[in-house]
Amino acid sequence: MKDLGEIKAEQEGQGFQFPGEFEITAMGNASADLKARVPEILEGIGLHVLHETVRHKHSREGNFLSVTVSFRCETREQYDAAHAALRADPDIRFTL
């Protein structure tokens, strides 16, 4: 029987697999045209955006917008760079 440490070690090894397709969500100011900016930011750092996957949703009161998009990347570094590039935008509050 495996102990908790062995199970955690196995699970950590089953994380993201590269290359691959991943989804990212950016949440920010509704007035900032994030539907267009999120894909542009990702393409600007060299990622292949799957434009047919772009979807968005307004917050209940309409002040914020979440934009979700899938993209292809080759390495964990590119995946991390996607989050960093989006978070660097002053109109984006956070990414998931």
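Helices and strands here are DSSP runs, a helix having at least four residues and a strand at least two, and both are numbered from the N terminus. The exercises below concern a predicted model.

**Exercise 1. Establish the order of helices and strands along the protein chain, and state how confident the predictor is in the chain.**

Step 1. The protein chain holds 3 helices and 4 strands, and reading along the sequence gives the pattern α-β-α-β-β-α-β.

Step 2. The average pLDDT of the protein chain is 88, and 85% of the residues score at least 70. Over residues 1–13, however, pLDDT stays under 50, and for this stretch the model has 3 contacts beyond four places in sequence.

Step 3. Among the contacts in the protein chain between residues at least 6 apart in sequence, 68% join residues at least 24 apart. Of the 96 residues, 32% count as buried, while the accessible surface comes to about 6300 Å², with 50% of that area belonging to carbon and sulfur atoms.

**Exercise 2. Find which residues of helix 2 are buried, and decide how they are arranged about the helix axis.**

Step 1. The buried residues in helix 2 are L34, V38, P39, I41 and L42. Seen down the axis of helix 2, these buried residues fall within an arc of 155°, so they line one face of the helix.

Step 2. The spacing can be set beside a general property of helices: an α-helix has 3.6 residues a turn, so residues three or four places apart point the same way.

Step 3. E40 and G44, on the other side of helix 2, are exposed.

Step 4. The partners of the buried residues of helix 2 are strand 1, strand 2 (48–58), strand 3 (64–73), helix 3 (76–87) and strand 4 (92–95), against which they pack.

**Exercise 3. Locate the backbone features at P19, D33 and G46, and give the angle that describes each.**

Step 1. For reference, most residues other than glycine have a negative phi, and most peptide bonds are trans.

Step 2. The peptide bond that joins F18 and P19 is cis, with omega about -5°, and P19 is found in the loop between helix 1 (4–12) and strand 1 (20–29).

Step 3. D33, a residue other than glycine, has a positive phi near 55°. This residue, D33, lies in the loop between strand 1 and helix 2 (34–44), and its relative accessible area of 46% makes D33 partly exposed.

Step 4. G46, just after helix 2, also takes a positive phi, here about 90°.

**Exercise 4. Determine whether H83 is buried or exposed, and identify which residues H83 touches.**

Step 1. H83 is found in helix 3, and with a relative accessibility of 9% it counts as buried, the cut-off being under 20%.

Step 2. When residues up to four places away in sequence are not counted, H83 touches I24, T95 and L96.

Step 3. With one of these residues, T95, the side chain of H83 makes a polar contact of 2.6 Å.

**Exercise 5. State how many salt bridges a search of the whole structure finds, and work out which parts of the chain selected pairs tie together.**

Step 1. The search finds 5 salt bridges. In general, side chains of opposite charge can pair when their charged atoms come close.

Step 2. One salt bridge is formed by the side chains of R55 and E23, at 3.2 Å from N to O. Since R55 lies in strand 2 and E23 in strand 1, the pair ties together parts that are 32 residues apart in sequence. R55 is partly exposed at 44% relative accessible area, and E23 is partly exposed at 42%.

Step 3. D91 forms a salt bridge with R37, whose closest N and O atoms are 3.0 Å apart. D91 lies in the loop between helix 3 and strand 4 and R37 in helix 2, so this pair ties together parts that are 54 residues apart in sequence. Both partners are partly exposed, D91 with a relative accessible area of 23% and R37 with 21%.

Step 4. R37 and D91 also belong, together with D89, to a network of salt bridges.

Step 5. R76 and D80 form a salt bridge in which the closest N and O atoms are 3.1 Å apart; both residues lie in helix 3, 4 residues apart, which is about one turn of the helix. R76 is partly exposed at 36% relative accessibility, and D80 is partly exposed at 37%.

Terms used. Residues are numbered from 1 along each chain as its sequence is written. This is a predicted model: local features need pLDDT of at least 70, side-chain atom pairs count only at pLDDT 80 or more; totals for chains, interfaces and linings use all residues. Side-chain values use heavy atoms; hydrogens and water are left out. Buried means under 20% relative accessible area, exposed over 50%, partly exposed in between (1.4 Å probe, protein chains only). pLDDT is the predictor's confidence in each residue, from 0 to 100. Contact means heavy atoms within 4.5 Å. Accessible areas come from the Shrake-Rupley method with a 1.4 Å probe; for residues, only the protein chains shown count as cover. The arc is that of the directions from the helix axis to the C-beta atoms. A polar contact is a pair of N or O atoms within 3.5 Å; within protein, one must be able to donate a hydrogen and the other to accept it, and residues adjacent in sequence count only if both atoms are side-chain atoms. A salt bridge is a side-chain nitrogen of Lys or Arg within 4 Å of a carboxyl oxygen of Asp or Glu.
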